[in-house]
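This briefing groups the computed features of one protein model by topic. Please read it alongside the sequence and the coordinates.

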Amino acid sequence: MNTNNRSATADFILLGFSNQPQVEHIISGVVFVFYIVTLVGNTTIILVSNLDSQLHTPMYFFLSNLSFLDLCYATSIIPQMLVNLWGPTKSITYGGCVLQFFFALDFGATECLLLAVMAYDRYAAVCQPLYYTIVMHPQLCQKMVLTAWLGGLGSALILCSLTLKLPRCGHREVNNFICEMPALLKLACVYSKVIEVIVYALGVIFLLVPLSLILISYTIITQAVMRIKSTARWRKVLNTCGSHLTVVTLFYGTIIYMYMKPQNSTSEDEGKFLTLFYTIVTPTLNPLIYTLRNKDVKNAVKRILYVRKCSAKS
């Protein structure tokens, strides 16, 4: 009994590309650069959205929450990944693996719901502009964000507890860079139909349903945009909606491909690169997509820098 308890809580070995050291050196450099960009980009959006009064709107309230999510998501994964990539050992404690697994599920599920909320916000802004401030009042925005966070928390608690209860028969080598569900399920020495059903059910709730709502929202938005005669307003709608659609495509595309496919149909190396993409690349691209395509954010940054410059001179 004691031996089983010790093996159940023993450290895990994150293999990554340990059989290809040269590839790991390249990946570690890329991951470090992307992490710095993630920290700077998302922190900038949060600060600008809060400091500039012209950005105190529902859209930027949701965007700052998305940036905070990306910061938390990346920070829960990347530092440990860099330690393993740079260090001689590839181990992670049982507690560290549990926390990484839990937070990755929590933040990922929350982002699925938050992106759907942001799509509804764009629908209200484009299709109901006269009633936008009434429909998207601050209390509703806060409740929608709170629901997204609580929904992600609930799904993470369910999946994390069920996955970690599976017997591993002493298996400790996680064939990935991080402790995530597909890799941890492969350590189990028994097949659980219950977990498979729950994973697909939650996948429908947190992936397919929000994605369907997003597609419906943008179908209606597209019909409304086609009736807009003002070129300036048409371009503004295209920029804001185009940024959100790009983020949705990157995030949902990789997550659905990773989690909704049968686990045995994805090769090990393919799974690792997909993991790198949605844990490293997506949080980095989100602030770049929103700032490069959004004049409001760029103008807000200029205003804040100008005010700071004038304050320093005085």
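Which residue forms a salt bridge with Glu24, and how far apart are the closest N and O atoms? The partner is Lys90, and the closest N and O atoms are 2.9 Å apart. The pair links distant parts of the chain, since Glu24 belongs to helix α2 and Lys90 to the loop between α3 (58–86) and β2, 66 residues apart. The model is a predicted one. The points below cover its salt bridges, its strands, two surface patches and several buried positions.

**Salt bridges**

- The structure contains 3 salt bridges, one of which is the pair of Glu24 and Lys90.
- Glu24 has a relative accessibility of 5% and therefore counts as buried, the cut-off for that class being under 20%.
- Lys90 also falls in the buried class, because its relative accessibility is 16%.
- A salt bridge brings together the side chains of Arg303 and Asp52, with an N to O distance of 3.0 Å.
- This pair likewise links distant parts of the chain: Arg303 is in helix α11, Asp52 is in the loop between α2 and α3, and 251 residues separate them.
- Arg303 has a relative accessible area of 29%, so this residue is partly exposed.
- Asp52, by contrast, is buried, because its relative accessible area is 6%.
- Asp121 and Arg122 form a further salt bridge, in which the closest N and O atoms are 2.9 Å apart.
- Asp121 counts as buried because its relative accessibility is 1%.
- Arg122 has a relative accessible area of 10% and is therefore buried.

**Sheet**

- An open sheet is formed by 3 strands, which follow the order β2-β1-β3 with mixed pairing.
- The edges are occupied by β2 (91–92) and β3 (173–174), each of which pairs on one side only.
- Strand β1 (residues 12–14) runs antiparallel to β2, and 2 bridges join the two strands.
- Phe12 has Ile92 as its bridge partner in β2.

**Positive surface patch**

- A patch of positive charge on the surface gathers Arg235, Lys295, Lys298 and Lys302.
- The most is given to this positive patch by helix α11 (residues 295–313), which supplies 3 residues.
- Lys302 is located in helix α11.
- With a relative accessibility of 57%, Lys302 counts as exposed, because that class begins over 50%.
- Helix α11 thus appears under two topics, because Lys302 is found in this helix and so is Arg303 of the salt bridge with Asp52.

**Nonpolar surface patch**

- Phe32, Val33, Ile36, Val37, Val40, Trp86 and Leu288 make a nonpolar patch on the surface, with an area of about 610 Å².
- Helix α2 (residues 21–51) gives the most to the nonpolar patch, contributing 5 residues.
- Val37 has its place in helix α2.
- The relative accessibility of Val37 is 31%, so this residue counts as partly exposed.
- Helix α2 also holds Glu24, the partner of Lys90.

**Buried positions and distances through space**

- Asn286 lies in helix α10 (residues 268–292).
- Asn286 counts as buried because its relative accessibility is 2%.
- The C-alpha atoms of Asn286 and Thr246 are 8.8 Å apart in space, and the two residues are 40 residues apart in sequence.
- Asn176 is placed in the loop between β3 and α7 (181–185).
- With a relative accessible area of 3%, Asn176 is buried.
- Asn176 and Leu15 are 161 residues apart in sequence, while their C-alpha to C-alpha distance is 5.7 Å.
- Leu66 is part of helix α3.
- Leu66 counts as buried, because its relative accessibility is 1%.
- Between Leu66 and Val281 the separation is 215 residues in sequence and 15 Å in space, C-alpha to C-alpha.

Definitions and conventions: Residues are numbered from 1 along each chain as its sequence is written. This is a predicted model: local features need pLDDT of at least 70, side-chain atom pairs count only at pLDDT 80 or more; totals for chains, interfaces and linings use all residues. Side-chain values use heavy atoms; hydrogens and water are left out. Patches are made of residues with over 30% relative accessible area and no salt bridge: like charges are joined within 9 Å, nonpolar side chains (Val, Leu, Ile, Met, Phe, Trp, Tyr) within 5 Å. Accessible areas come from the Shrake-Rupley method with a 1.4 Å probe; for residues, only the protein chains shown count as cover. A salt bridge is a side-chain nitrogen of Lys or Arg within 4 Å of a carboxyl oxygen of Asp or Glu. Lys and Arg count as positive and Asp and Glu as negative; His and the chain ends are not counted. The place of a charge is taken as NZ of Lys, CZ of Arg, CG of Asp or CD of Glu. Helices (H or I, at least four residues) and strands (E, at least two) are DSSP runs, numbered from the N terminus. Buried means under 20% relative accessible area, exposed over 50%, partly exposed in between (1.4 Å probe, protein chains only). Two strands pair if DSSP finds at least two bridges between them.
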